[in-house]
Every structure is written in C-alpha cells, then in structure tokens.
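Q: I am new to this structure and would like to learn how to read it feature by feature. Could we begin once it is on the screen?

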Amino acid sequence: MFSFIARRLLATIPVLGVVALVVFGILHLSPGDPAALIAGDHATPQQVAAMRSKLGLDQPLWEQFGAWIWSVLHGELGISIFSNQPVTRLIGQRLEPTIALTITTTIVTVLLAVPIGVIAAWRAGTWIDRSVMSFAVLGFSFPVFVVGYLLIYVVSMTLGWLPIQGYRNLGDGFGPFLIHLVLPSLALGISFMALIARITRTSVLEVLNQDYIRTARSKGLAMWQVLLYHALPNAAVPIVTVIGVGIAVLIGGVVVTESVFAIPGLGRLVVDSILSRDYPVIQGVLLIFAGVYVGINLLIDLLYVALDPRIRY
Amino acid sequence: MLAMHRTFAGLLALAGCVTFGTASEALAQKKIIRSVPIGALKIVDPIWTTAYITRNHSYMVWDTLFSLDAKNEPQPQMVDAWKISPDKLTYSFTLRSGLLWHDNTPVRAADCVASIRRWGAKDGMGRALMGFTDKIEAIDDKSFRLVLKQPVGFVLEALGKIDSNVPFMMPERIAKTDPNTQITEVIGSGPFRFLKEEFVPGVKVVYEKFTGYVPRKEPASLAAGGKVVKIDRVESVYMPDAAVAIAALGNGEVDLLESPANDLIRTVQNNPNVFVRPNDPLGYQLFMAVNHLYPPFDRKEARQALLWGIKQAEFLEVVIGDAKRYQECVAVYGCGTPNESKLGSEALASFNLEKSKALLKSAGYGAQPIVLLDPTDNAVLHPAALVATQTLKRMGMNVDTQAMDFSTLTQRRASKNLPSQGGWNVFVTNATMTGIANPVLHTYSMNCEQAWYGWPCDKRIVDLSRQWALELDAAKRKQIIGELQRVHMENVTYIPLGQYRSVIAYRKNVKGMIASPSLFYWNIEKE
C-alpha cells in the first residue's frame, strides 16, 4: 500500500510538470497584453512598451518559463502582475470561501442525493423512481446561474429569508457564515445532486439483483436493513468515484456560483486573472488545481480498498 | 406557509446567534457605507496605472495640491497660499498647516517635490509640464517652488487635474519609487485610511475615516473644498454579476452602486428606497478610432466618408438608451467644457449617405474587408461595435467584425500589421470628458509614431497643442481650440460619436453625494 502511495505521489511530478508547461504555453501564445491593461486605455504605445519591459514580458518565452519554474521549485508561485502580491497570498485569501462552499455543497448533496438514489432503485419503475429521474434530468438541464437567480428571486427578494449575496468568514461567526452559504450551496448542489442520485440509483439497482441480496431478504431482514447494510456498501465504489470527482470539479469549477453570489473564491480569482492576463496567478492557481485533482483521485483510489476488500494495489 | 416561514426564520435567528467573535458587534456601532465600485481594485498605485478604479481609490487615501471645482477651475487643496513671479516663471507654494500622513508624521514640502517628480515622469500632462520645467525644489518644510523655462498656461490645471494620472501627494520615501514600479505602501494624507489587512485584491477594499485629517473650510465642490468625512468606514466590495448587485441594492444589502448596468437600471428605478441619477457632470465621449496606416482609411476621403455616413444618435441610443443621459456632440474637446468648439464639423453633424458612398468610391475602396474589433465583454463598447458594423455596412463596406475580450483588444489595437495579418481598421472606445477636455490632455495630441492607436499623422495638431499650452491669453487660447477642432475634423484624426453620462444608484438614506467623475465619499451622510 505504501509503495502504491509513494508511486502515485511520484507520478504527480511529471503530471504537474506537463500541466505547468501546457498552461504556460497556452497563456503566452494566446492574445492579450497585461502591460496594456495596466498602462491604461489611453496610454501611448511607448508607455505600454516601457511597462512590458519592466514586467519582463518582453523576455523570450523560455526565459520567462524558466524563471517561473525556478520560483515554483523554491516554493513560490510568483508575484501577481497587477496586485504585486505573492500568488500564494492571493490563493490563501480565496481558499476559505471555496473550501467552505465545496464542503457545504458536498454535505447537502450527499445527504440528499444518496437516499434519493437508493429509494429510486428500491422503487424502480414506480412513480417515485420516475420522479427522481425527472428531477435528475431537470437538475442537469438547468444551468447553475439560472437556479441561482431563481433562488435569489424567491428566497431572498420575495420571502426575504436569506441574503442575496456575499460571504462571511468563519471568524465573523458561524451563523452569518452558514447563512451566506445556503443559497450558493443549493444552487451548486442541484446539478451535482442529480448526478449522484442517478449514479446511486443505477449502482444500487444492479446490486439489488444479486443473489446475496435475495439471501438477505430470505433471512427476514427488513428492506431498509438490506438497502443500508448490504446494497449500499456494495454499490459504493462508483458513487464514491462520482462524489470525489465532483469535489474536484467543485473546487475548480465554482466560477459561476461564486460570481452570481459574489463569493470571493478561487474560481473568481482564476477567471479575473484570465481576463486580465495575470499570468503568474493563472499559472499558480491552475497548478494548485492540478495538484488537488491528483490528490483527490489518489484518495478515491485508497477509499476503494476500504470499501471493497477485493481491490488490492 | 406562515408556520414554515416562522420555523425557518427561527432557525436563521438561532444560526445568527451562534457567533464566535465580537468584531461584527463592534462594526455595527459604526456608520458604514457598503458600496459596489466601478471595477475590481487590484492596483493601488495611481501613478503606475491610469485605471479609473485606482484613481477613485486614490482619492480616498491621498490628497492633491490643487483640485478642480464644479466650474472646472483649479482651487488650492493641500496648498494654503501660492504666488507667481512677475515673469511668470516661478510658482511658489506653501502647504496648509496640520497636514498629516496616515502614520501621523507631518507632510513636508520635500514629499510634494518627490511626488510631483514621479507623476511628471509618467502622466501625459505631467510630462508636458516637466518638459517646460527648469527645476522644482523644497524651500523649507512647508514651501517649495517650481521654476519654468518659459511661461506656460497650464501649471495649476496640471496640478489639479482630476483625470488619471492625478498628481497625488505621497510621502517622499514612497514617491521615490520608480514610476514604472508599483508602490507597496498605501500611506496618504487624504480623508480616509486604507486598511491593508482587510484588502482582498479584486474583491474588497476597506477604508476608515482618518481622524487626523484637517479639511478645508470651503464647502465641497467637485474635488475641491472641504473634504468633511461624516461616516466611519467604507466597505467597497466588487460584484461581478450586475443583476445581483442591483438586487442587493434594492434589498438594502448595499448602500451604493457606483456604476449600475445600463440595461438593468429600470429594475430598481421604481424602488421607493432607491435613487438613480447621473453623478458625473460631463461623462464620457464615445469615439471611433480609425487606422490611418492602411487602405481605405489611409486616404482622407475614406475617413471623411465615415463622418458623412455616421449618425451619432444611433450609437448613443443603443449604448445608453436614456435620451436624458446622452447628447450628440461633435466637439473634440467635449461639449459643456471650456474648450467646446464645432468649427469644421458640418460633415459629422449632418448625415448624407450618398455623399459618404461617393467619397468612399473616390478613395478607391473596392470590397476589401474592413476589420472591426469588437470587445464582447464590455457592456458599452460591444453594443457600440455592433452599431459600427451596421453603419459601415450601410455605407457599402465589407465589414469583418472580430469578436474578442477587451484584454485581447488592448493588444490587438497596438498592432501595426496589415488588417488581414493581425492588425485592424476600426474600433470603438471611450474616454472620460475630463481626460480629453484640453489639447494637452487629449488622447490624440501627438503625431504619427508618437500618436495614440490609429497613428494619425498631422503635424498641425502637435504644433497647435503646443501653442495652446504656451498661450496665457484666454481669448487666444479659444482661437487655437477652434483651429484644432477644424484640423481634427478636416484630417479626421478620429471620430467623436457623442457624449454620455453614466449613473449611480443609492439608497435614499445616503445623502450628500458630490457630483463628480469619481465618486467621493467625503460629505456623504448615512441616516
């Protein structure tokens, strides 16, 4: 097991190297000029050129790449071209909202979607199943921003129950922190919930046709016991996979939700940086995202062993 | 339903009670303005960039020697007294008593000298002033002098300019930073202190009233007069989603939107708790930049064809929509400014499609594609680009409208390549009126290689602009402005597309807003 983990960790190095190279290449080969944005809309071409030189953007690409990799190897992700602050600090400022949103969304989603999926599998072919599947299709079909706007309109503007936007740090109090996460978590969670419910239904349905389930039923176990202790654990591998991948996607892909609800997370940081061509920030954040993806995939692989003793590495 | 509402409200109240700290309670005692700024503040140095969000931020933190009043005349701000020598070469300034930096050290003349030098190395008007300056030196801790090589008529206008880059005064140790390197310390002597520990670049910036600030006695007028702070704290939080920002204002979660989206304003206009009104007295000029390097617009006739074929009202109607907030204006230096002139502008003021087509034909235009740059992520310039596309098509041009984000446009417009090889023919952009209101400030005050994008080449513009800068007589200056307007129109340096004003929206319990191109938070009260 330890050698597996060590091999997987070592394998992340070339992965991150490739990510770094590709991200750097795509960014610097795409059009856009941070120097022109900083110098302002009405700066003269000479002023823009001077700014470009000062920022080192007139250096050959391989030199710029080399300098960045060198700083990464020394534990630094570079300095933002615009805010002049270390990328690690910028990421640190944005980490809490994204992690909080990811955790609350995952909790809400898993707590609702897994039971719904199990019930749908149990009542396969009935109106309950069809309702769950309809919800799943709707959940996939509605873009997050539409769900977000609807929730804001109904829950915040019409009923006045929750704030429309914003984020409060945990340090400002647990109440305000939680209240500001309810709507974004729901908006983000609906499509995720639909996915998990659907996968859960399919997996549990497959397991319910197995002989050992029939045996469990014939022993006189209640249906809830069969579902909870026999069906669900054996259907868990694909469900955990989807949840794990979902968490990775949430960490890197909550851009729309963060924008709609004005949450200052990593998604917004990376989009803002792309729009302004703040290369060090984009490179740093994407490198972190890549690391998170690799880490979560490793975690999922390790969870397989715990969930299914037949799996060995 | 009612029971459910109560249960839910009860849960929320319970959640609200579970707090870990007392910071929120302390803040609740303060008068706080929560605002949504015009953009995301990332750069804190007003000399390093010309971005307006940085300019607006800087007015909170830093102060200026002179400031424009509502009549667009420079008035002393940090300066207590000043005099001009009889030969009009030496300007001597004495600072007001009691001026303090936010670290509670006194403001010194040496600080101002270093600040003017840094600004003068970067800003267009500053560079022009430094070009005429022989020396600038501190006399003692409270006074300094600026000695010119020859008399010029814009010293106080330059020191009081309200458009980027504004000559803000900084402590000497900060002002000695290379102007092409961003400063790292935000210490000013303005009415608000910047709270570094609460700054999240691109998201949130917080200011606190600076209790050591001594305002002038005169009433506030544009950027001049007494900067009396009547609130404790300003929390400026950028919201990328315009609809949500409007909803948050309507709900009272924020007090003020500095730049609500034009197409969403009507959703909040009928809210009895919200005011919507233009705040900038002059606003913006929308204009079309034309590439003078390549056919067909390397020929004057083709550029003149544009003048005859454009209807300003079409652009303004689409971009702004509210006729109360725009006006057709052919004046290069803007309408409503002291330098307004309409000489030689008949073509732009009229509309004659046949004449336009005839001029285009005489310029030798065939059917080659006209590359028009369209920044689709810009709420003002994107619709303007679409109108430009239709306008050029109506004139018989084969238009190749190329969609891109604004960042790409900023790089693309600098390209002098052929339009078919990464260059361009036309794009629409805008400028604040305060940023183009005189020949020294104006975007197109330079010539050929030195000129702004489009690279118009007409030495008369440069010569006349210099004449205006040197002229001290107001009547003669007016004459020069008229001639500049005529030359701009005759050679079609660029094409003004009219003038418009943006609005601000705010809760009715917020009072005391000062009409200005930048939203100032002094004088504002919250009831």
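Q: Which residues are buried in H16(B)?
A: First, a word on the model: this is a predicted model, in which local features need pLDDT of at least 70 and side-chain atom pairs count only at pLDDT 80 or more, while totals for chains, interfaces and linings use all residues. Residues are numbered from 1 along each chain as its sequence is written, chains are lettered from A and ligands numbered from 1 in the order in which they are written, and side-chain values use heavy atoms, with hydrogens and water left out. Buried means under 20% relative accessible area, exposed over 50%, and partly exposed in between, with a 1.4 Å probe and protein chains only. In H16(B), the buried residues are Ile461(B), Leu464(B), Ser465(B), Trp468(B) and Ala469(B).

Q: Why do the buried residues of H16(B) line one face of the helix?
A: An α-helix has 3.6 residues a turn, so residues three or four places apart point the same way. Seen down the axis of H16(B), the buried residues fall within an arc of 145° (taken from the directions from the helix axis to the C-beta atoms), so they line one face. The cover over the buried residues of H16(B) includes helix H17 (474-491) of chain B, where helices are DSSP runs of H or I with at least four residues, strands are runs of E with at least two, and both are numbered from the N terminus.

Q: How many disulfides does a search of the whole structure find?
A: A disulfide is a covalent bond between the sulfur atoms of two cysteines, and here the test is a pair of cysteine sulfur atoms within 2.5 Å. The search finds 2 over all chains. Cys329(B) and Cys335(B) form one, with sulfur atoms 2.1 Å apart, and Cys448(B) and Cys457(B) form another, with sulfur atoms 1.6 Å apart.

Q: Are the cysteines Cys329(B) and Cys448(B) buried or partly exposed?
A: Cys329(B) counts as buried because its relative accessibility is 3%, and its partner Cys335(B) is likewise buried at 5%. By contrast, Cys448(B) is partly exposed at 23%, as is Cys457(B) at 48%.

Q: What share of the residues in chain B is buried?
A: Buried residues make up 58% of the 527 residues in chain B, a chain that has 17 helices and 23 strands.

Note on methods: Contact = heavy atoms within 4.5 Å.
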